[in-house]
Amino acid sequence: MITGEIKSKIDKIWDDFWTGGISNPLTVIEQFTYLIFIKQLDDKQTRMEKEANLLGIPIEKPIYTEKQNPLRWSNFKNKDPEVMFGLFTKPQRDIDDLTAFDFMKTLGAEGGEFTRFMKGAIFMIQSPKLLDKVVQQIDQLPLDNRDTKGDLYEYMLSKIAEAGTNGQFRTPRHIINMMVAMVQPKKDDIISDPACGTAGFLVSAGEYIYDNHKDWFQDKTFRGHFNSNMFHGTEFDPSMLRIAAMNLQLHGIETPVLTGTDALSEANGDVENAYTLILANPPFKGSLDYDEVESSLLQTTKTKKTELLFLSLMLRTLKVGGRAAVIVPDGVLFGSSKAHKSIREELVSKQKLEAVISMPSGVFKPYAGVSTAVLFFTKTNSGGTDKVWFYDMKADGYSLDDKRNVINENDIPDILKRFQNLEAETDRKRTDQSFLVPFDDIQGNDWDLSINRYKEIVYEEIEYEAPKDIIKAIKELDEERIDALLNLEKLLN
């Protein structure tokens with residue numbers, strides 16, 4: 001958790017970008033990300049130099065050569081703003097025609113996953129004064145603290161939603177954390193998000209493991225798995241990939257597997273039975289042409305709707321026994337088209353659907369008011385759904401208007417507690433906030449998964465007075481009013 005002081009520093013950096021002429025929140029995040037990465041490169045070389053001096057041996061693979069030292073953060077941060085700006089914008093003839101910015105693009109694999117997506121990256125800071133301001137402030141951030149640097153970057157990302165734009169890339173962090181806590185990532189999991197955006201789900205899964213299973217990191221094999229093969233993300237937007245790579249890196253995940261492609265396209269068709277856990281909030285309200293969609297996805301459900309195609313994709317890419325927690329729009333739960341019904345039948349009859357959590361429509365405000373639900377299922381290819389747990393979330397700890405202020409009402413702790421002990425839900429009635437629904441009931445309702453189909457509402461009978469009594473009371477009031485007016489008239493006379 002970051003302190004008020006660090007928040008204030010991030011707020012100041014954000015404000016300086018805006019007053020400096022960069023008003024697109026996504027551009028602010030990108031430029032902030034590039035500068036953090038440049039600082040990290042210098043910090044890494046500094047550590048390498050200290051180790052080399054201590055051991056009395058030269059650095060085997062330095063990040064910066066002696067000639068490239070002027071491009072290092074520790075050198076240019078103390079320069080005059082005009083000189084610093086020149087190092088970022090003018091190719092240095094005596095340094096292989098590089099700038100401090102373009103140097104990142106030359107690193108290749110040595111720079112980690114982030115540099116793989118630097119093609120097309122553009123330096124957008126237009127004034128020496130703004131560059132100097134931001135560099136000096138970033139230099140004061142605690143980027144050497146593992147617990148803090150990830151949180152401060154997440155806080156910077158959260159400001160995208162506050163700005164009311166590009167919100168599609170931000171699933172509320174507390175909802176992500178709830179989903180991760182419910183699935184409880186395992187030591188040997190291979191985790192995927194097929195529409196990863198800024199990698200919020202992958203980061204949360206990594207943080208859950210770090211917070212709850214620190215002992216796992218004593219195992220060398222697990223550390224290797226955690227850093228190189230545990231986390232997989234797919235995203236077609238290059239800007240998002242760069243931000244995702246930095247987000248993961250700052251949270252201690254060194255080399256995640258990030259793929260720059262459309263997860264639904266033919267280019268992603270060779271990924272099958274690859275993952276043991278999927279966490280996602282895939283895009284919805286979109287549609288694709290059949291010839292753009294990977295052909296095997298259409299075998300499960302022939303549709304153009306992205307929300308249904310992503311469910312089909314998850315079933316293909318999960319290993320048998322793999323679990324998924326995915327956010328879907330309410331239409332997936334009760335849509336009457338053949339495609340909607342077929343994907344629901346697939347989940348309930350051929351796989352194991354475990355839970356449906358209905359969320360209030362304000363969860364994604366201020367940038368979307370759509371009603372959504374979270375589906376939890378396990379791939380079995382042989383059925384296994386006995387009963388499905390339904391929960392009617394009415395509050396998530398924040399007001400459900402555009403302001404999303406913190407409130408006391410919050411169902412998430414109750415959801416987590418009940419989900420881990422579903423046997424205790426057997427005696428719950430359908431008038432309760434959560435309850436179990438047998439397979440046969442769902443099948444009999446055309447595989448409908450909307451909670452309102454099964455929830456029973458108790459109506460209180462209201463007794464009204466007889467019309468003649470109401471008329472009598474009105475007459476009495478009229479008489480009192482006339483008497484009051486007569487008395488007032490007497491007093492005035």
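**A strand, two cores and a pocket**

Let's start inside a sheet: K352 stands opposite T378 in β7. This is a predicted model, in which local features need pLDDT of at least 70 and side-chain atom pairs count only at pLDDT 80 or more, while totals for chains, interfaces and linings use all residues. Residues are numbered from 1 along each chain as its sequence is written, and side-chain values use heavy atoms, with hydrogens and water left out.

First, the overall picture. The protein has 17 helices and 11 strands. Helices (H or I, at least four residues) and strands (E, at least two) are DSSP runs, numbered from the N terminus. Along the principal axes, the C-alpha atoms fill a box of roughly 100 × 80 × 45 Å. Of the 493 residues, 52% are buried. Buried means under 20% relative accessible area, exposed means over 50%, and partly exposed is in between, with a 1.4 Å probe and protein chains only. Take contacts between residues at least 6 apart in sequence: 72% of them join residues at least 24 apart. Contact here means heavy atoms within 4.5 Å.

Back to β7. How many of the seven residues of strand β7 are buried? Seven of the seven, at residues 372-378, so β7 is largely enclosed by the rest of the structure. T372, V374, F376 and T378 point one way. A373, L375 and F377 point the other way. Both sets are buried.

What pairs with β7? Strand β6, residues 352-359, runs antiparallel to β7, and seven bridges join them. Strand β5, residues 318-329, also pairs with β7 in the antiparallel sense, over seven bridges. Two strands pair if DSSP finds at least two bridges between them. From β5, R323 stands opposite T378.

One residue of β6 deserves a stop. S358 lies in that strand. S358 is buried, with a relative accessible area of 12%. Leaving aside neighbours within four places in sequence, S358 is in contact with T372, A373, Y391, D392, M393 and I451.

Next, the cores. A nonpolar core is a set of buried Ala, Val, Leu, Ile, Met, Phe, Trp, Tyr and Cys residues joined through side-chain atoms within 4.5 Å. The largest has 103 residues. Inside this core, F32, F88, I138 and I357 have the most contacts. Which helix gives the most to this core? Helix α2, residues 25-55, with 10 residues. Look at F32. Outside its neighbours within four places in sequence, F32 is in contact with I10, I13, F17, I138, L141, L152, Y153 and M156. There is also a second, separate core of 40 residues, which includes L313, L315, F435 and F439.

On to the pocket. The largest pocket holds about 1,200 Å³ of space. It is lined by 35 residues, and S158, R170, R173, H174 and Y398 are the closest to its centre. Three elements give two or more residues to the lining: α6 (146-162), α7 (173-183) and α8 (200-212). Helix α6 has the largest share, eight residues. By type, the lining divides into 14 nonpolar, six polar and 15 charged residues.

How is that worked out? On a 1 Å grid over the protein atoms alone, a pocket is an open set of points with protein on both sides within 12 Å along at least five of seven lines, and lining residues have an atom within 4 Å of a point. Grid points are joined across faces, edges and corners, and a volume is the space filled by probe spheres set on the points. For types, Ala, Val, Leu, Ile, Met, Phe, Trp, Tyr, Cys and Pro count as nonpolar, Asp, Glu, Lys and Arg as charged, and the others, Gly among them, as polar.

Last, some loops. D97 sits between α4 (81-89) and α5 (128-138). D97 is not a glycine, yet has a positive phi of about 60°. D97 is partly exposed, at 48% relative accessible area. Q184 is in the loop between α7 and β1 (191-193). Phi of Q184 is positive too, near 50°, in a residue other than glycine. At 36% relative accessibility, Q184 counts as partly exposed.

D188 is also found in the loop between α7 and β1. Is D188 buried or exposed? Exposed, with a relative accessible area of 58%. Beyond its neighbours within four places in sequence, D188 is in contact with H225 and T276. D401 is 213 residues from D188 in sequence, and the two are 40 Å apart in space, C-alpha to C-alpha.

Conventions:
1 Å grid on protein atoms, 1.4 Å probe; cavity = no way out; pocket = protein on both sides within 12 Å on 5 of 7 lines; lining within 4 Å.
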